[in-house]
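Work through the following exercises with the sequence and the coordinates open beside you. Each task is followed by a solution that proceeds step by step.

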Amino acid sequence: SGGDGGSGASSEVQEYLSDTSNFDGQVQDMTGQDEVSVTVGAEGNGGAFAFGPAAVSVSTGTTVVWEWNGEGGTHNVVDEDEAFDSGPAVAEEGTTFEQTFEESGTFLYQCTPHATLGMKGAIVVE
């Protein structure tokens, strides 16, 4: 598939998010912003078990802020390669976790308790 312009996800991202129900094959372009928000506990994967949006592209130097909405029980944000880790899973609405991305690359992450449901995400730093 593909052929729909430059916002299609890389094969690495496609494969990682292949079982993530709220990922539609596109990376949401949020480049050029100083700060980008990702919802933790968004609708998806059979409940409030998703990151919204699942895949975003940002510019180097961007701070990504994950914001818990209090839905779907306890969640955390853990990078596959241990680049960042929000710590133990928590349920509190209003919890936030921030990571500033200084180098380009693809960062694949998950919610440890709900990874098997497909609660995964990707940050593509350009």
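**Exercise 1: a loop residue**

Locate Gly 32 in this predicted model, and decide whether Gly 32 is buried or exposed.

Solution. Begin with the strand assignment, which places Gly 32 in the loop between strand E1 (28–29) and strand E2 (35–44). Next take the relative accessible area, which for Gly 32 is 66%; because the term exposed applies over 50%, Gly 32 is exposed. Finally, compare positions along the chain and in space: Gly 32 and Val 13 are 19 residues apart along the chain, and their C-alpha atoms are separated by 21 Å.

**Exercise 2: a strand residue**

Describe the surroundings of Thr 62, stating which backbone oxygen its side chain reaches.

Solution. Thr 62 lies in strand E5, which covers residues 62–68. Its relative accessible area is 1%, and since buried means under 20%, Thr 62 is buried. The side chain of Thr 62 reaches the backbone oxygen of Gln 33 at 3.0 Å. Leaving out residues up to four places away in sequence, Thr 62 touches Gln 33, Asp 34, Glu 35 and Val 36, together with Gln 99, Thr 100 and Phe 101.

**Exercise 3: the pairings of E8**

Establish how E8 pairs with E6 and with E9.

Solution. Strand E8 (residues 105–110) pairs with strand E6 (residues 78–79) in the antiparallel sense over 2 bridges, and here Tyr 109 of E8 is the bridge partner of Asp 79. With strand E9 (residues 120–125), E8 pairs in the antiparallel sense over 6 bridges, and Phe 107 stands opposite Ile 123 in E9.

Key. Residues numbered from 1 in each chain as written. Predicted model: local features only at pLDDT ≥ 70, side-chain atom pairs only at ≥ 80, totals over all residues. Heavy atoms only, no water. Helix = DSSP H or I, 4+ residues; strand = E, 2+ residues; numbered from the N terminus. Buried < 20%, exposed > 50% of the residue type's maximum accessible area, 1.4 Å probe, protein only. Polar contact = N/O pair within 3.5 Å; in protein donor to acceptor, adjacent residues only side chain to side chain. Contact = heavy atoms within 4.5 Å. Pairing = 2+ DSSP bridges.
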